[in-house]
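Got your viewer open? Let's take a walk through this one together, one selection at a time.

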Amino acid sequence: MVKGYLAFIFHSHLPYVRHPEHTQSLEEKWFFEAITECYIPFIRVFQGLEKDNVDYSATFSLSPTLLAMLEDSFLQERYVGYLSRLQLLAQKEEERTANDPAFSPLARMYRERLDYTSYIFNEKYGRRLVTAFRELLNGGHLELITSAATHGFLPLLGVQKEAIYAQIAAGVEYYEKIFGSIPRGIWLPECGYDPGFEEILGELGLHYYIMATHGVLYASPRPKYGIYSPILTPGGLAAFGRDPETSAQVWSAKEGYPGDYNYREFYRDIGYDLSLDYIGEFLHPNGLRSNTGFKYYSITGPENHKEPYNPQKALEKASEHAGNFLFNRQKQVEYYGEIMDRPPLVVAPYDSELFGHWWFEGPQWFDSLCRIISQNQDTIKMITPGKYLELGYPLQVSTPNASSWGDKGYNEVWLNGKNDWVYRHLHNAAKKMTALATNFPRAEDILKDALNQAARELLLAQSSDWPFIITSGTMDSYAKSRLMSHLIRFLKLERQIWENNIDISWLRHLEATDNLFPHLDYHLFQSLNETIAVEKDKLMGAV
Amino acid sequence: MHPSSREFLDGGEHLPLYYGEDQLVLLPRDPYWLFTYWEISMPTRQRLEFETQNKWEAFKLALRVHRFDMDNSGKESQFDIQINSFSDNWYIKAGVPDRKYQIEFGYYLPENVFQSLLTSNIASTPRDRLSDVIDENWQLPDWQARRLYWRISRINLSSMEILAKER
């Protein structure tokens with residue numbers, strides 16, 4: 001008998017990074033590493049589960065900027081080059097380690113993984129990984145959801161309702177363009193929520209969103225089941241709260257699984273360990289050392305001494321940890337089951353990019369977990385938020401609490417002494433965009449192109465990644481320059497539009513560079529007050 | 001120059017410091033703190049200087065912070081923060097979670113009469129604990145509710161925190 005449900009949410013997002021002006025870009029490498037080490041390993045796990053008829057469920061959010069990068073032919077071409085360089089390195093590594101019984105099996109493992117990656121990316125899906133996700137979506141086990149268009153941190157953009165509407169509507173529309181249906185759920189960037197934008201979420205046909213624990217726990221009226229049942233929000237959506245136990249088990253610095261001594265050590269990479277004569281040609285042309293993904297050691301212990309990585313032992317550990325995770329869920333739902341008059345739902349959201357990339361064995365762990373859940377027991381059942389809502393439990397009506405999953409739980413990561421200056425610019429730009437969209441309701445040709453590009457530049461400036469990176473302090477000059485460039489380009493377009501003096505050749509270069517969301521429609525930024533007024537007029541006319 | 005380069009696309013331009021528009025914007029940071037930024041445009045400054053025959057630097061500027069009462073029927077309290085003429089943003093220790101706030105930007109006339117120039121949007125501080133509002137149709141027996149909230153908060157917050165907050 002099912003005593004409780006378990007919903008995994010993997011949130012996948014990268015900011016839109018695309019630099020044709022550089023021969024190689026460190027920032028594009030974030031994306032390439034995520035494809036190789038995270039998205040394709042996940043696809044492999046999901047496909048393996050489907051092939052073996054494992055009754056698993058999971059939810060994958062694909063942020064619109066990530067989708068746009070996966071669909072961009074320039075980045076696909078660059079990834080092909082990146083991957084073939086890694087395959088070349090893999091060959092060299094097999095030769096270099098040929099006589100080393102500890103390392104040569106590892107070099108072979110990496111070579112085989114890269115060959116498989118190339119097969120999936122190039123041959124099976126013709127460079128379009130979204131096809132793999134569409135197949136999985138159709139398979140019925142994986143639920144896909146969207147996020148805000150460029151992952152804007154909505155609570156701090158919310159002074160202009162139009163900015164929130166445009167972020168969410170553009171995200172929903174782009175998802176629909178790619179997958180052919182409206183997503184049921186949305187991942188609010190950084191779980192950033194404010195009751196002020198409930199109405200907008202409801203208007204766009206979404207059924208649910210995911211929140212930080214205290215977003216649901218501190219909802220009002222007080223939620224009877226805490227976070228172990230979703231609540232029904234004023235906008236008519238279901239809000240699902242994050243379970244803190246499942247996140248601690250995976251991410252706690254002290255007792256988290258990824259720190260197990262048998263797992264692969266992230267911080268020992270041949271990009272740092274081998275001589276520049278050998279490895280230099282595989283690093284960035286600026287000569288800086290960086291990760292290659294070839295890592296030969298296990299965590300071993302707290303000291304600097306590291307033993308060679310043993311994949312077999314690590315795999316056994318991953319399956320042991322999966323068993324431990326399931327055991328803890330069984331105990332957890334027993335506990336809450338005694339309190340609740342319905343099976344508790346445990347919602348476990350994670351950043352996808354940490355699986356495979358940082359926790360190398362993470363996808364394997366998830367694979368083992370799905371298999372033991374489907375085979376050896378019937379107390380815990382995996383589910384997606386969408387399927388949970390279909391079970392039809394009545395939901396308590398309650399207004400969630402403003403919150404985020406960032407440090408300290410509210411807005412401070414995105415609003416502090418290092419990055420607070422960005423909001424003056426973001427708010428003014430959004431105000432100007434709404435003025436443009438409202439004043440030019442029926443633009444054509446060049447004017448329309450300029451308005452659409454202005455909307456793109458504003459959305460790009462609004463990414464939560466820029467203030468986040470500025471706070472974290474590494475790569476902050478990149479984040480600042482991206483933010484400022486998009487705002488400068490927006491302001492220049494805005495001026496040219498009002499002055500009826502659009503520099504067409506510059507506009508075309510801008511469109512070719514900041515080229516995400518080709519079908520973006522600037523009307524998304526129209527004043528919401530105006531829209532309501534127009535609709536009322538129509539109503540009056542109809543009467 | 002590569003047509004996708006910053007040099008070409010940004011054309012050597014910089015972000016403006018200000019937008020030439022009077023504005024006062026209020027944002028919540030967390031249950032206890034607010035952030036505000038503002039702009040008093042040049043024409044407004046010049047008008048005020050002309051009207052009062054005072055240099056802008058000599059104005060006694062202040063933010064007046066209003067807190068709404070619990071059921072939002074009116075403003076229950078206010079306090080002023082004196083600011084200098086070259087600031088353009090401020091962190092405000094609002095202190096009370098789960099409340100609406102609104103601020104005014106203005107200056108003191110002689111005899112400390114506050115003259116308001118700009119009024120902000122309304123911003124709400126988030127709750128930092130369980131809501132006191134209970135729907136009687138959605139209520140657990142007390143001892144069960146304690147078991148539920150205790151375990152959730154054990155990890156998210158320390159149990160001491162939740163117990164302190166419960167009282």
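Start by colouring chain B by domain: domain 1 covers 6-124 and domain 2 covers 129-167. The C-alpha centres of these two domains of chain B sit 38 Å apart. Keep in mind as you look around that this is a predicted model.

**Stop 1: the whole of chain B**

Stay with chain B and switch to a cartoon view. You should find four helices and eight strands, and if you follow the chain from its start, the order is α-β-β-α-β-β-β-β-β-β-α-α. How does its radius of gyration compare with the globule rule? The value is 23 Å, well over the 15 Å that the rule gives for 167 residues, so chain B is more spread out than a compact globule. Along the principal axes, the C-alpha atoms of chain B fill a box of roughly 65 × 60 × 30 Å. Of its 167 residues, 25% count as buried. If you draw contacts in chain B between residues at least 6 apart in sequence, 55% of them join residues at least 24 apart.

**Stop 2: two asparagines in loops**

Now select Asn72(B), in the loop between strand 3 (61-68) and strand 4 (75-83) of chain B. Check its backbone: phi is near 60°, a positive value in a residue other than glycine. Most residues other than glycine have a negative phi. Is Asn72(B) buried or exposed? Count the other C-beta atoms within 10 Å and you get 12, so Asn72(B) is exposed; the cut-off for exposed is 12 or fewer.

Next, jump to Asn112(B), which lies in the loop between strand 6 (100-109) and strand 7 (113-119) of chain B. Here again phi is positive, about 60°, although the residue is not a glycine. Asn112(B) has 9 other C-beta atoms within 10 Å, so it is exposed too.

**Stop 3: where chain B meets chain A**

Bring chain A into view. In the contact between the chains, 41 residues of chain B meet 45 residues of chain A. On the chain B side, the elements that give two or more residues are helix 1 (6-10), strand 1 (23-28), strand 2 (33-39) and helix 3 (142-156). Which element of chain B gives the most? Select helix 3 of chain B, which supplies eight residues. Coloured by class, this side of chain B shows 21 nonpolar, 10 polar and 10 charged residues.

**Stop 4: the two domains of chain A**

Hide chain B and colour chain A by domain. Domain 1 is made of several stretches, 4-71 + 128-264 + 309-408, while domain 2 runs over 415-532. Their centres, taken over C-alpha atoms, are separated by 29 Å. The contact between them takes 27 residues from domain 1 of chain A and 24 residues from domain 2 of chain A. On the domain 1 side, highlight helix 2 (64-70), helix 6 (154-157) and helix 7 (161-179) of chain A, the elements that give two or more residues. Helix 7 of chain A has the largest share, with 10 residues. By class, that side of domain 1 divides into 16 nonpolar, six polar and five charged residues.

**Stop 5: into the core**

Time to look inside. The largest nonpolar core has 183 residues, and Ala7(A) and Ala454(A) touch the most other members. Helix 1 (residues 26-51) of chain A gives this core its largest share, 11 residues. Centre on Ala7(A) and show what it touches: among its partners further than four places away in sequence are Thr59(A), Leu345(A), Ile383(A) and Tyr388(A).

**Stop 6: helix 14 of chain A**

Select residues 362-375 of chain A, which make up helix 14. At 1.5 Å a residue, these 14 residues should span 20 Å, and the end C-alpha atoms are 20 Å apart, which agrees. Helix 14 is mostly covered, with 10 of its 14 residues buried. Try showing side chains for some of the buried ones, including Trp365(A), Phe366(A), Leu369(A) and Ile373(A). The buried residues of helix 14 pack against helix 1, helix 13 (311-339) and strand 9 (380-382) of chain A.

**Last stop: a cis bond**

Finish at Pro221(A), in the loop between helix 9 (213-217) and strand 6 (231-232) of chain A. Zoom in on the peptide bond from Ser220(A) to Pro221(A): the bond is cis, with omega near -5°. Most peptide bonds are trans.

Key:
Residues numbered from 1 in each chain as written. Chains lettered and ligands numbered in written order. Predicted model: local features only at pLDDT ≥ 70, side-chain atom pairs only at ≥ 80, totals over all residues. Core = buried A, V, L, I, M, F, W, Y, C linked by C-beta atoms within 7 Å. Buried ≥ 20, exposed ≤ 12 C-beta atoms within 10 Å, placed from the backbone. Contact = placed C-beta atoms within 7 Å. Nonpolar A, V, L, I, M, F, W, Y, C, P; charged D, E, K, R; others polar. Domains from an automatic or database assignment. Expected span 1.5 Å × (residues − 1). Rg over C-alpha atoms; globule rule 2.2 N^0.38 Å.
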